[in-house]
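Please walk through the structure below, beginning with how its chains are arranged and ending with single residues.

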2 protein chains.
Amino acid sequence: MALDQTQTTYGIAELAREFGITPRAIRFYEDKGLLSPARDGQRRIYGSRDHVRLRLIMRGKRLGFSLDEIREMIDLYDLDPTEVSQLKMFIDKLQARREQLRRQQDDIIETLAELDQLEDQSRGLLADREARRKAVG
Amino acid sequence: MALDQTQTTYGIAELAREFGITPRAIRFYEDKGLLSPARDGQRRIYGSRDHVRLRLIMRGKRLGFSLDEIREMIDLYDLDPTEVSQLKMFIDKLQARREQLRRQQDDIIETLAELDQLEDQSRGLLADREARRKAVG
DNA sequence: GGCTCGCTTTACGTTAACGTAAACGTCAGC
DNA sequence: GCTGACGTTTACGTTAACGTAAAGCGAGCC
């Protein structure tokens, strides 16, 4: 037990299966600077860091963000906070994201309320139809 | 006061200004079947119904839905519930949308939590820098 | 050695959601 | 009767996010 590297490495097809996407998409994310896997000769080797990033990517996509936006968000995580001015800009960006997400939350709440209403109406109609069928048939 | 039509009609530029989009986009939504304004000769005349639809469209876009998805959702609102089987399908679709929105909610909550954490860290670093500057300078 | 598998690069194709330009109609005002 | 402002149709251009096809490399098997 000399070196316990806890096999946190993945092949491209492996990751693709796990996240339900194609290898092509994963390579594309690399082209766009969202991933930077190691190499074994020509082959890509993904570590736990890439795994985390892919999870962030997928979450961002579910929220409707573009890959550019997602990259911005991801880059926030490992930014070097070396300059105070950059730190302030960074905090501003966080605020902006937060506001955007809050708007999304509100939109979702509104939409869910409307869906509830629609479903109530539909269930009412459905019950009505079936009651009528019972009375007639 | 014979006929109170409560001027609920808009021109295309008017709507564009109000929603912060271009007339081109509005015409595009029409092409895609999301809007169906009346006409005065060649000119489009939008009523309150179109106004509501545009609001739904913009909300859908903020949530990252495609125009096709948005049209599906909008069509739910004025579906003719004439057949029971269609009503059931309709309710199923509502459920699917609901689940998707719930996932989005969860994603947002997670992301907001991470943003909070990042901001805490950043503010800590920032305070540290300024304290150090005060001590040294 | 030949074959298959899995991965690679290169490059062209595709869909969505408009942008942009051209060319025309129309109505108010001068 | 001409000019602008605003609107129209038609059509080609653009960006994002991959899909897909072609051609080649390296490892393992028989």
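In this predicted model, chain B can be superposed on chain A with an RMSD of 0.1 Å, using a turn of 180° and a shift of 0.0 Å along the axis. Two copies of a chain are in general related by a rotation about an axis together with a shift along it. The turn and shift found for chains A and B are therefore the relation of a two-fold axis. To find the axis from chain B, look for B:Gly64: its C-alpha is the one in that chain nearest the axis, at 2.0 Å.

The interface fits this picture. Of the interface residues of chain B, 100% are also interface residues in chain A, so the copies meet through the same surface.

One residue to inspect for contacts between the chains is B:Glu119. This residue is part of helix H5 of chain B, which covers residues 84-136. Is B:Glu119 buried or exposed? Its relative accessibility is 9%, and because buried means under 20%, B:Glu119 counts as buried. Across in chain A, B:Glu119 touches A:Ile91, A:Leu94, A:Gln95 and A:Arg98, leaving aside residues up to four places away in sequence.

Next, consider how two helices pack within chain A. Helix H4 (residues 67-77) and helix H5 (residues 84-136) of chain A have axes 11 Å apart and pack at an angle of about 130°. Angles of 65 to 115 degrees count as roughly perpendicular and those over 145 as roughly antiparallel, so H4(A) is oblique to H5(A). Their crossing is left-handed. On the H4(A) side, the contact is made by A:Glu69, A:Glu72, A:Met73 and A:Leu76. H5(A) contributes A:Phe90, A:Lys93, A:Leu94, A:Arg97 and A:Gln100. Sorted by class, the contact of H4(A) with H5(A) has four nonpolar, four charged and one polar residues. A:Leu94 appears in this helix contact and also among the residues touched by B:Glu119.

The last stop is in chain B, at B:Leu15, which lies in helix H1 (residues 12-19). Its relative accessible area is 0%, so B:Leu15 is buried. Which residues does B:Leu15 touch, not counting those up to four places away in sequence? They are B:Tyr10, B:Ile26, B:Tyr46, B:His51 and B:Leu54. Of these contacts, B:Tyr46 is 31 residues from B:Leu15 in sequence, while the two C-alpha atoms are 8.4 Å apart in space.

How values were computed:
Residues are numbered from 1 along each chain as its sequence is written. Chains are lettered from A and ligands numbered from 1 in the order in which they are written. This is a predicted model: local features need pLDDT of at least 70, side-chain atom pairs count only at pLDDT 80 or more; totals for chains, interfaces and linings use all residues. Side-chain values use heavy atoms; hydrogens and water are left out. Axes are lines fitted to C-alpha atoms, for helices over the stretch in contact, and angles run from 0 to 180 degrees between N-to-C directions. Helices (H or I, at least four residues) and strands (E, at least two) are DSSP runs, numbered from the N terminus. Angles under 35 degrees count as roughly parallel, over 145 as roughly antiparallel, 65 to 115 as roughly perpendicular and the rest as oblique. A crossing is left-handed if the near helix is turned anticlockwise from the far one by less than a right angle, and right-handed if clockwise. Contact means heavy atoms within 4.5 Å. Ala, Val, Leu, Ile, Met, Phe, Trp, Tyr, Cys and Pro count as nonpolar, Asp, Glu, Lys and Arg as charged, and the others, Gly among them, as polar. Buried means under 20% relative accessible area, exposed over 50%, partly exposed in between (1.4 Å probe, protein chains only). Copies are superposed by least squares on the C-alpha atoms of residues with pLDDT of at least 70 in both.
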